[in-house]
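Reader: I have a structure to read and don't know where to begin. Can you take me through some features?

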There are 2 protein chains.
Amino acid sequence: MPKPTLVDVGREAGVSAITVSRALRSPEKVSEALRAKVEIAVKKLGYVPNQSASTLASNKSSSIVVMVPSISNNVFTDVLGGISDALHGSRFNMQIGYTNYDSQEEERILRSFLNPTPSGVIISGLEQTDETRQMLENAGVPVVQIMDISPKPIDMIVGFSHDQAAETATQHLIDSGYKNIGFIGAQMDPRSLKRLAGFKKAIKDNGELREQCIAVTNEPSNVRLGATLLDKLTSQFPECDAVFCNNDDLSVGVLFECQRRGIKVPEELGICGFNDLGISSETVPSITSVTTPLREIGRLAGVMVIGEEGAPSTPIVDLSYTISARESTKRT
Amino acid sequence: MPKPTLVDVGREAGVSAITVSRALRSPEKVSEALRAKVEIAVKKLGYVPNQSASTLASNKSSSIVVMVPSISNNVFTDVLGGISDALHGSRFNMQIGYTNYDSQEEERILRSFLNPTPSGVIISGLEQTDETRQMLENAGVPVVQIMDISPKPIDMIVGFSHDQAAETATQHLIDSGYKNIGFIGAQMDPRSLKRLAGFKKAIKDNGELREQCIAVTNEPSNVRLGATLLDKLTSQFPECDAVFCNNDDLSVGVLFECQRRGIKVPEELGICGFNDLGISSETVPSITSVTTPLREIGRLAGVMVIGEEGAPSTPIVDLSYTISARESTKRT
DNA sequence: TTGCAAAATGATTGCGCAATCATTTATGAT
DNA sequence: ATCATAAATGATTGCGCAATCATTTTGCAA
């Protein structure tokens, strides 16, 4: 037997096809008795809606478009997991676009994803091109920006302040007694630059900021790069006694390089990472990191974009962060 | 102006709509002059095909369905990256399903993804239910199984032998002089069980296999679990002088636990991991691992499923593996 | 040149659904 | 009881494309 259509379900339930359609997609508009009849008929026939037909007729798809910079960065796989959780069981599916940290590419991909109009958009960061913002506003769908925080989102936003997180983390290093703190960063996207700004602020508030305490690169982050950048940092800033790293890949790489070079952590060098991706708590010594609510950001963004109950009442959600102080900054 | 349709392009090019359709999706069936005219008109109007309409009319979507067990396991993010590379620039897009290591869930998801019929399916492993295999055969689309190898794939397959890889790795430990080798495993999916079988074979071929040399769990793998399982292993198998780990999370966790307990690696304990996920080469000491061509598996699967030029001529592709011998097994 | 197969192009139709507008039925105020 | 209004349900139509079949043009052997 061929796949049942709305007409088949309608015949089974003794109503018209369009009524079945309504019973399924806006149940509050039909009577309770009808809704029940339709439900039984749907179950009996094993009816599954045809997304393409629905999309074609309404010019609106059931996809939630998710734009992230990279698939291989664990930060975003955590976020995607949260979104996936939120969408699970709903009638929405996820359409993922990888921008490769490029606003122009983001615009290009988003343009193709906006036809037909999706049911919602989740997009990383605040740095969309003017055209992208324009497109999103014109689309007339819910938009949730994630990973950062701003008083003026395109529509909704859920994230935390990277400036503040980095400032707090740097202050933790200062409070731990470190005097010459360096910054190591890779993949310097806008959020990383904010972390650098927060770092600088904390340093300036407690003394003098010297340019040589910063070692960054635009290469994608990985563990080895942590070692490379530590080399760079210690050669240009020999008195360095602590480093704040852009992310956990780098902090782990720094720790390993210290082990290779016989630098004692935390006595001779304090280390703090960012995002607390799971390995930081396991290394020997364990590494202090900024714990960020990645999965929860994804989950909330998902809930907000589909307007499910349980969604926050405000369009701006700051989920904050915590400093997980561990052995790598525990100077006794 | 509204979005241009095939009719608009046809008017612009002075031909009928259906001819434009043909010029775009099977250019070999139209004359060269026509193809050129259509191309110009498409560019001029900025025509973008409407996927929904195409899918509805043909009952066939332009999606490549990809079924993987988990999103958070880096093994699969690497594979997905490879598939993404292969599909980039083609007219196909990726639709990802997460089975959570459950064949029934896989069957359920795949059933929903098979309507409308996708252009191809990439699916992890060999352990599909009978119903799943049946569905895939009936669908009449290219199917590529990945991550494992078998002489009798559903359609095509690209991967490597987990038995052999584990056997070779275990033999490497034996050849390095270790006498009492243990096995540590988490997330014991079918491929992990094959690795265990390969391990057992190597041990038996060189002496006696004792049950207490195996410590496994079905929990999802993570670094901490490596430590937990090492504890279990050393308590039930105190004479253990080397461990082969199911994957790199565990081997890294084992190394860290050794550092905590003051066990010297590689002298007192040799360690070998699996998949070589990037951190193994960076730890101190660096950890021996089985390097597997994850990204290439994904890329080839993508090329094979869309039948692009450059695809292998045989439906069975064994990409093999290499043992990356590092400090963690270098007993002098 | 003629004839005929093959190649190229066109006309019609329907995929399954939801937007729109039309109609019927229920509700409630007077 | 009457009417106005709202709620519930139905009929028609078109979204943009490709399958199918029909027609025209081309190539080329005899």
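Author: Start with the words. Helices and strands are DSSP runs, numbered from the N terminus. Keep in mind that this is a predicted model.

Reader: Where is Ser161(B) placed?

Author: Ser161(B) sits in a loop of chain B, between strand S5 (156–159) and helix H8 (162–175).

Reader: Is Ser161(B) buried or exposed?

Author: Buried means under 20% relative accessible area. Ser161(B) has 10% relative accessibility, so it counts as buried.

Reader: What does Ser161(B) touch?

Author: Set aside neighbours within four places in sequence. Ser161(B) is then in contact with Ile149(B), Asp318(B) and Tyr321(B). The side chain of Ser161(B) also reaches the backbone nitrogen of Gln164(B), at 3.0 Å.

Reader: Now the two chains. How are chain A and chain B related?

Author: Look for a rotation that lays one copy on the other. Here, 180 degrees with 0.0 Å of shift along the axis superposes chain A on chain B, with an RMSD of 0.0 Å. The copies are thus related as by a two-fold rotation axis. In chain A, Ser52(A) comes closest to that axis, its C-alpha at 2.3 Å.

Reader: Why do we say the copies meet through the same surface?

Author: Because 96% of the interface residues of chain A are also interface residues in chain B.

Reader: How do I find empty space?

Author: Rolling a probe the size of a water molecule over the atoms shows where empty space is left. This model has one cavity of 30 Å³ or more. The largest cavity holds about 40 Å³.

Reader: Which residues line the largest cavity?

Author: Both chains contribute, with Ile71(A) and Ile71(B) among them. The lining has seven nonpolar residues, two polar and no charged.

Notes
Residues numbered from 1 in each chain as written. Chains lettered and ligands numbered in written order. Predicted model: local features only at pLDDT ≥ 70, side-chain atom pairs only at ≥ 80, totals over all residues. Heavy atoms only, no water. 1 Å grid on protein atoms, 1.4 Å probe; cavity = no way out; pocket = protein on both sides within 12 Å on 5 of 7 lines; lining within 4 Å. Points joined across faces, edges and corners; volume = space filled by probe spheres on them. Nonpolar A, V, L, I, M, F, W, Y, C, P; charged D, E, K, R; others polar. Least-squares fit on C-alpha atoms with pLDDT ≥ 70 in both. Contact = heavy atoms within 4.5 Å. Helix = DSSP H or I, 4+ residues; strand = E, 2+ residues; numbered from the N terminus. Buried < 20%, exposed > 50% of the residue type's maximum accessible area, 1.4 Å probe, protein only. Polar contact = N/O pair within 3.5 Å; in protein donor to acceptor, adjacent residues only side chain to side chain.
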